[in-house]
Amino acid sequence: MKESTRFVLFVVVAVAVLYYVGAMFGFLPFLSQNPAVAAIGFSTILLSALIAICTVLILKHKD
């Protein structure tokens, strides 16, 4: 399996696991009366971290 395919699968699985763990703990950093608002905030944090990690990896492989 190609390295890029493994990386994409790892990212998908990692985000799904982190989202599930976040849901188990009620999207902890975002205490809200509306669970949808907490889920959106948690998803934003996950996506921001994912973008940062991918950017670092791209810049690392560019050099």
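Trainee: Hi! Where does Leu31 sit?
Mentor: Leu31 is in the loop between α1 and α2. Keep in mind that this is a predicted model.

Trainee: Is Leu31 buried or exposed there?
Mentor: Leu31 counts as exposed, because its relative accessibility is 74% and the cut-off for exposed is over 50%.

Trainee: Which residues form the nonpolar patch on the surface?
Mentor: Leu31 is one of them, together with Val13, Val17, Tyr20, Val21, Met24, Phe25 and Leu28. Their accessible area adds up to about 890 Å².

Trainee: What does Gly26 do just after α1?
Mentor: Gly26 has a positive phi there, about 70°.

Trainee: Switching to the helices. How far apart are the end C-alpha atoms of α1?
Mentor: They are 31 Å apart. With 22 residues at 1.5 Å a residue, α1 should span 32 Å, so the two values agree.

Trainee: And what span should α2 have?
Mentor: Helix α2 runs over residues 35-62, which is 28 residues, so the expected span is 40 Å. The C-alpha atoms at its ends are 40 Å apart, in agreement with that.

Trainee: What caps the N-terminal end of α2?
Mentor: That would be Asn34. One of its side-chain oxygens is 3.1 Å from the backbone nitrogen of Ala36.

Trainee: Nice. Which residues of α2 are buried?
Mentor: Ala38, Ala39, Gly41, Phe42 and Leu46 are the buried ones. The cover over these buried residues includes α1, residues 3-24.

Trainee: OK, on to Phe7. Which helix is Phe7 in?
Mentor: Phe7 belongs to helix α1.

Trainee: What does Phe7 touch, leaving aside its neighbours within four places in sequence?
Mentor: Phe7 is in contact with Cys54 and Leu57. Phe7 and Cys54 are 47 residues apart along the chain, and their C-alpha atoms are separated by 9.9 Å.

Trainee: How much relative accessible area does Phe7 have?
Mentor: Phe7 has 31%, so it is partly exposed.

Trainee: Last one, Lys60. Where is Lys60, and is Lys60 buried or exposed?
Mentor: Lys60 lies in helix α2. Its relative accessible area is 60%, so Lys60 is exposed.

Trainee: And how far is Lys60 from Ala16 in space?
Mentor: Going from C-alpha to C-alpha, Lys60 and Ala16 are 25 Å apart, with their positions 44 residues apart in sequence as the separation.

Terms used
Residues numbered from 1 in each chain as written. Predicted model: local features only at pLDDT ≥ 70, side-chain atom pairs only at ≥ 80, totals over all residues. Heavy atoms only, no water. Helix = DSSP H or I, 4+ residues; strand = E, 2+ residues; numbered from the N terminus. Expected span 1.5 Å × (residues − 1). Buried < 20%, exposed > 50% of the residue type's maximum accessible area, 1.4 Å probe, protein only. Contact = heavy atoms within 4.5 Å. Polar contact = N/O pair within 3.5 Å; in protein donor to acceptor, adjacent residues only side chain to side chain. Patch = residues over 30% accessible without salt bridge, like charges linked within 9 Å, V, L, I, M, F, W, Y side chains within 5 Å. Areas by Shrake-Rupley, 256 points an atom, 1.4 Å probe, with all protein chains shown as cover. Salt bridge = Lys/Arg side-chain N within 4 Å of Asp/Glu carboxyl O.
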